[in-house]
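Dear colleague,

I am handing over the structure below, and after it you will find an account of what came out of the analysis. Please read the account with the coordinates open.

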Amino acid sequence: MDKSNDLGTSPDEVQFRFRDDEVVDHGTITVDACCDQTNAAAVRIEPGDDARTLLPFLDRLSLIEVNFPSFADGRGYSAARILREAGYHGELRAVGDVLIDQLGHMRRCGFDAFAPDVPLDEEDARRAFETWENVYQSTVDGRRTIQELRHE
């Protein structure tokens with residue numbers, strides 16, 4: 001994870017974005033519609049959608065939004081890991097009921113943009129992103145695990 005205090009750049013609806021590429025400025029479609037279209041570049045995963053359905057289309061998708069309608073619904077974390085571990089390099093945006101205490105975990109799973117329904121306090125968010133410098137479980141945010149660091 002980037003150690004700087006920068007919380008990223010943000011288009012209007014995205015509060016935190018950790019990417020240098022151009023922001024996707026067109027709407028998303030459903031997972032089902034994505035499978036039927038050849039020119040779709042942005043898709044939104046809802047709870048209950050299987051992220052693996054998108055695997056054949058990852059090379060043409062520049063944005064995948066994962067909806068969190070409730071902070072208690074953790075299925076989006078699994079979707080993020082599936083997509084990142086399959087090689088998706090585009091923007092992965094958490095949208096909906098995104099809370100401060102979830103930010104660090106979402107980042108570890110591969111989310112690089114955040115559009116919470118209710119804007120979050122930036123200082124609280126900065127602390128949340130920086131809370132766990134070292135981790136035990138493998139991540140997709142580029143950090144090495146404690147076990148890997150021990151054997152350097």
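The largest nonpolar core (buried Ala, Val, Leu, Ile, Met, Phe, Trp, Tyr and Cys residues joined through side-chain atoms within 4.5 Å, where buried means under 20% relative accessible area with a 1.4 Å probe, protein chains only) has 31 residues, and those with the most contacts inside it are Leu-54 and Ile-64. Its largest share, 4 residues, comes from helix 2. Leu-54 touches, leaving aside residues up to four places away in sequence, Val-31, Cys-34, Val-43, Ile-45, Leu-61, Ile-64 and Leu-83, a contact being heavy atoms within 4.5 Å.

This is a predicted model, in which local features need pLDDT of at least 70 and side-chain atom pairs count only at pLDDT 80 or more, while totals for chains, interfaces and linings use all residues. Residues are numbered from 1 along each chain as its sequence is written, and side-chain values use heavy atoms, with hydrogens and water left out.

Helices (H or I, at least four residues) and strands (E, at least two) are DSSP runs numbered from the N terminus. In helix 2 (residues 75–85), the buried residues are Gly-76, Tyr-77, Ala-79, Ala-80, Leu-83 and Arg-84. They lie on the same side of helix 2, because they cover an arc of only 160° around the axis, taken from the directions from the helix axis to the C-beta atoms. Their cover includes strand 3 (42–45), strand 4, strand 5 and helix 3 (103–109).

As for the sheet, 6 strands form an open one with mixed pairing, in the order 1-6-5-4-3-2, two strands being paired if DSSP finds at least two bridges between them. Strand 4 (residues 63–68) and strand 5 (residues 91–96) pair in the parallel sense over 6 bridges.

With best regards

Notes:
Buried < 20%, exposed > 50% of the residue type's maximum accessible area, 1.4 Å probe, protein only.
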